[in-house]
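Visitor: Hey, can you walk me through this one? I'm new to reading structures.

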Amino acid sequence: MTVNIDYQKIGLKYGVEIHQRLATTRKLFCACPARISTEQPIGTINRKLRAVAGELGLIDMAAAYEFIRNRMFTYQIFKNETCLVDIDEEPPHPIDPEAVKTVLELALLMKADIPGEIHVMRKTVIDGSNTSGFQRTAIVGLNGVLSYANKKVFIPVIAVEEESAGIVANDGDNVTYRLDRLGIPLVEISTGLLQGLTPKDAVEIAYHIGMLVRSTGKVLRGLGTIRQDVNVSIDGGNRVEIKGVQTLDLIEKAIEYEAQRQLALKEVKDELKSRGCKLELFEKPQDVTHIFADSKSKFIKKILAENNKIYGFNLAKFGGLLKKDLCPGKTFGKELSEYAVAQGVGGITHTDEDLTNYQMDAEMDRVKAFLGHELEDCTVIVAGQGEKVVRACNAVLERCKTALFEIPREVRAANEDGTTKFSRPLPGSSRLYPETDIPPFRITKNLIEETRKHIPETWDKKLGRFVKMGLTKELSDQIIRSEYLNDFENIIKNTGVSAKFAASVLMSTMTELRREGVKVEKVNEEKMLEIFKLLEAKKIGKEAVNEVLKGVSKYPMQTVDETISKLGLKTISKEELRAIIRDVVQKNINVIKKDKKSAVKKLMGTVMKHVRGKIDGKVVNQILIEEVKKSHAVGPP
Amino acid sequence: MYSKPLEKMLRKKKVEAGDDVRITKEKNSYAGTVMPKSESADANIILIKLENGYNIGIDYNSKVRIEKLGTKSRLEKFPTHAFTFDPKKPTIMILHTGGTIASRVDYKTGGVSPAFTPEEFIAMFPDLTKIANIKSRMIMNIASEDMDHTRYGHIAKEIERDIKLGLDGIILGHGTDTLHYSAAMLSFMLQNLPAPVILVGSQRSSDRGSSDAALNLACAANFITKTDFSGVAVCMHENPSDDGCLILPATKIRKMHTSRRDAFRPVNANPIARVGSDGKIEMIAENYLKKDKKRNTIVNVNMDPKVAIIKMYPIAEPTILDFYLKNGYRGIVIEGTGLGHVPASPEDPKKSWLPSIKAVVKAGMTVVITSQTIHGATNKHVYKNLRLLEATGVIFGEDMTTEAAYTKLCFVLGNTKDPAKIKEMLLTNIAGEISQRRELRQFP
């Protein structure tokens, strides 16, 4: 198996697609709040979806495939986040202008072309993730450019879309979805097909798209609010779309593994060709249940007890190929199995694997004889409920037929280790047709001009600005990504406190306090700014910040001023300090006499007990030295 | 319509919907297929479908260049389905009248409109052929709000023509808006039917993956083939789930929601049966006409279209009736408030409807009272004002829905001019439109 790949040589091409949920008030096509419910569902409904012809009269292959699977979908209804539009019982409302404007902002940021009218399209998806049988989507910008660090990446499409329903459970025949998520606006940003880049470059591109999207300040944060897809192909391979890559770093691995997979599948194709494999050699699956009547295998016994069937077929000239590794941890046989699983069976068993553990060697030999297995062949069996077994066998057979000619164009789901599994054939453009229930959205010159005025500073620029203020690049990046970005900008703009100090309080102190269990989220932007204003005016000391934040978190109903007064954290004047120090010096005059040199050190602690957080320690130290000296000068009476 | 400059340019370049074009605007150029102009789009926008499948509208101005790349008639092609006849299976005729159930996207109007040929229709619901031999014929293609009196007669005659052939049943595809009017009208026009006639509509057009048409049709077909029911009924979703449908009595239903799948509800009645998505049938009705292929239908397509419905409201003026009298109306259904009231103020005779109603009845008009509460029966005894209304010569329509009373009045007036006979026919139960008992479970 190839591990060190020359990506230029194999002609690696990929595209990156980012989906980010927008923080709008309402959903894209109804008046429900755009949020995930924190409550339990109040009920469910069941639906089936069908494949239908698009406007050009063609039934999309991906849709037809789903239809064959014949699954029932259960949808969870939430009290506040689900309405009749979400369950496809009411026509959609006109598109949410707030969402369109946010995406328009992004499109303008990428210097994209803006159409005169936005037309909402229906993208056929009958995997149940949309109750209507389609996802609504509209292009807001075309031919944009993502610029960062002197690099430019072409962004052909910037679209606004509705979020799909979230999957809750999948037991094969019945899939359960939650409908609170359905309809939350998303921005979709996709790069064109990029060539001459390494898989690692994709991580950087995805990172910068993410940064850009967040610069609007109008996106949701948290788990699942951003999703990354990549589509990958190599020379002689085919476009494969990998959906739902969980983390940025995983993008690199997903592309690497997919390149390896396509290379290995090309080898499979070449090998089959050299062995003389051809379409005429394929046979129909046959019922071989009778051969297993007396099986000792627990697995088989269970199958037969449930009155299920076992079908088998012979893959002529495929012998040994199912053992072949496609990418780490994944053989061709395992991949074929996924096509069977998608039809609702447990998987496949074949003669390229070690069958001793299954206790079915003897039966497999009889199946091989029954099907006319020859030396170069591989025999496959599939067990399960009658109709599904036939569908599963046919799915595997079709996949094997394709293996003679090409790598199938398909959608694959990303696993957590960077490998992928088959999810459905790649949909074509025939799955898009107009959403006639929604009027077009006119983009006037005025709207563009108005939006242009409010275009946010990009995060790249922001980063540069923070670095100029004396922060490290890492710290700047950390602030930009943190929830305290607005606080930081407020503090810098409205006080003279140093950027470094503000950053350290927001990034380190707040984190520490949170770890201690302090409810720091009670410190809102207003109070945070107030604290820094008091710091600037030296009404509280830097040392007291910790205590002040704790206090403000503890008493959210009080003003910052009330809290610091209550906790006695207000600073004292030098005169007040001097009085306290004199008192301490007086009481400890013997100590000073005894140990002239280290007296200051010793007394510092005592003084600090009284004034900690109320005045700068340096000042305390300085006045203490002065007072100790004075006490010598005056001498004992 | 496109703006003049855009239309001129398109004509000059001989560009029509379906053609491939390249449009160059400033530095950008877009290749795609020209889509038909939609009504709701701006006149100066040319709509194209890009290669990625998306439609975008491009603002036209004198600097925009349009270049024709090729002619393609890619629009309007649908798969069709060839019929195979299995003599062992029952046979169902599907008659199409138009409506959402036979609809798909129409690019000319930008909305959904009827467009399927019957062959295309069957191709969309191949599962139906597992239940029965499916024949299919389009007898008209209209939106149900455009139904009129000649069409009711036409549909009834077409049904009779087909049912005589010894079919196991007929499914009548119908728009949902006025489906309950048609169901009632056909119940009066087609009595003594040898086999069932099931009206089926859909609330989501058949070009959508989530259309309710498939289940509604399958349930109707299963009900026809698996039960001994005969007569007119309606088959629609029981609830928002695709779990099954209700078979509803044709004269005692109403469309109760603008958009839900389960918009049709029985009024003062129980459903006839419940049909599961698995084809299982639970018969609810106990007394119904049984299937008998040898029986002959009694067809009577006489009806009088000069009938109107007037709804009562607190400040409704009785002069409204003058219009109907002047325009030759022979029947009026007054949808009264509560038990069947009309404004009858004794203090202000000008506001009272009683004198006007008395006058139109005397002039030969038949006035039937129903209630706008929808559920429950009218009553002519409980309040004084009801008794005064009764005395004007109106006929209280028992517990008929307004729609059933309206269609029945059209039917009765089409068949007799004799006031006594009119009253007798109106108060005689012809097709289940009047019931004597109302059960607790029937509401809400």
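Guide: Here is a quick chat about its chains, sheets and cores.

Guide: This is a predicted model, where local features need pLDDT of at least 70, side-chain atom pairs count only at pLDDT 80 or more, and totals for chains, interfaces and linings use all residues. Residues are numbered from 1 along each chain as its sequence is written, while chains are lettered from A and ligands numbered from 1 in the order in which they are written.

Visitor: Cool. How many helices and strands does chain B have?

Guide: Chain B has 11 helices and 23 strands. Helices (H or I, at least four residues) and strands (E, at least two) are DSSP runs, numbered from the N terminus. Along the principal axes, the C-alpha atoms of chain B fill a box of roughly 80 × 65 × 35 Å.

Visitor: And what share of chain B counts as buried?

Guide: 48% of its 444 residues. Buried means that 20 or more other C-beta atoms lie within 10 Å of the residue's own; 12 or fewer is exposed, in between is partly exposed, and C-beta atoms are placed from the backbone.

Visitor: Which domains is chain B divided into?

Guide: Domain 1 (4-70), domain 2 (91-299) and domain 3 (307-426). Those bounds come from an automatic or database domain assignment. The C-alpha centres of domain 1 of chain B and domain 2 of chain B are 42 Å apart.

Visitor: Let's pick a residue. Where is Leu10(B) found?

Guide: Leu10(B) sits in helix α1 (residues 4-12) of chain B.

Visitor: Why does Leu10(B) count as buried?

Guide: Because Leu10(B) has 21 C-beta neighbours inside 10 Å. If you skip neighbours within four places in sequence, Leu10(B) is in contact with Tyr2(B) and Val15(B). Contact means that the two C-beta atoms, placed from the backbone, lie within 7 Å. Then there's Ile66(B): 56 residues from Leu10(B) in sequence, but 8.0 Å away in space, C-alpha to C-alpha.

Visitor: Okay, strands now. How many residues of β21(B) are buried?

Guide: 6 of the 6 in strand β21 (residues 331-336) of chain B, so the strand is largely enclosed by the rest of the structure. Gly331(B), Val333(B) and Glu335(B) point one way, and Ile332(B), Ile334(B) and Gly336(B) the other way.

Visitor: Which strands does β21(B) join up with?

Guide: Strand β20 (residues 307-311) of chain B runs parallel to β21(B), with 5 bridges between them. Strand β22 (residues 366-371) of chain B is also parallel to β21(B), joined by 6 bridges. Strands pair if DSSP finds at least two bridges between them. In those pairings, Lys311(B) stands opposite Glu335(B), and Ile334(B) stands opposite Ile369(B).

Visitor: What do β20(B), helix α7 and β21(B) make?

Guide: A right-handed β-α-β unit, with helix α7 spanning residues 320-326 of chain B. Right-handed means that, with the strands pointing away from the viewer, the path from the first strand over the helix to the second runs clockwise. β21(B), helix α8 (residues 354-362) of chain B and β22(B) make a right-handed unit too.

Visitor: Switching to sheets: what's the order of the 7 strands in the open sheet?

Guide: β23(A)-β4(A)-β4(B)-β3(B)-β2(B)-β1(B)-β5(B), with antiparallel pairing. β23 (441-442) of chain A and β5 (65-70) of chain B stand at the edges with a single partner strand each, so one side of each has no neighbour in the sheet. Strand β4 (residues 117-118) of chain A pairs with β23(A) over 2 bridges, and Glu117(A) stands opposite Arg442(A) there.

Visitor: Last topic: which residues touch the most other members in the largest nonpolar core?

Guide: That core has 130 residues, and the ones you're after are Val103(A), Val140(A), Ile158(A), Val230(A), Val382(A) and Val396(A). Helix α4 (residues 248-274) of chain A gives the most to this core, with 10 residues. A nonpolar core is a set of buried Ala, Val, Leu, Ile, Met, Phe, Trp, Tyr and Cys residues joined through C-beta atoms within 7 Å. A second, separate core has 103 residues, including Tyr152(B) and Leu413(B).

Visitor: What does Val396(A) touch?

Guide: Leaving out residues up to four places away in sequence, Val396(A) touches Leu336(A), Tyr339(A), Ala340(A), Ile348(A) and Val380(A).
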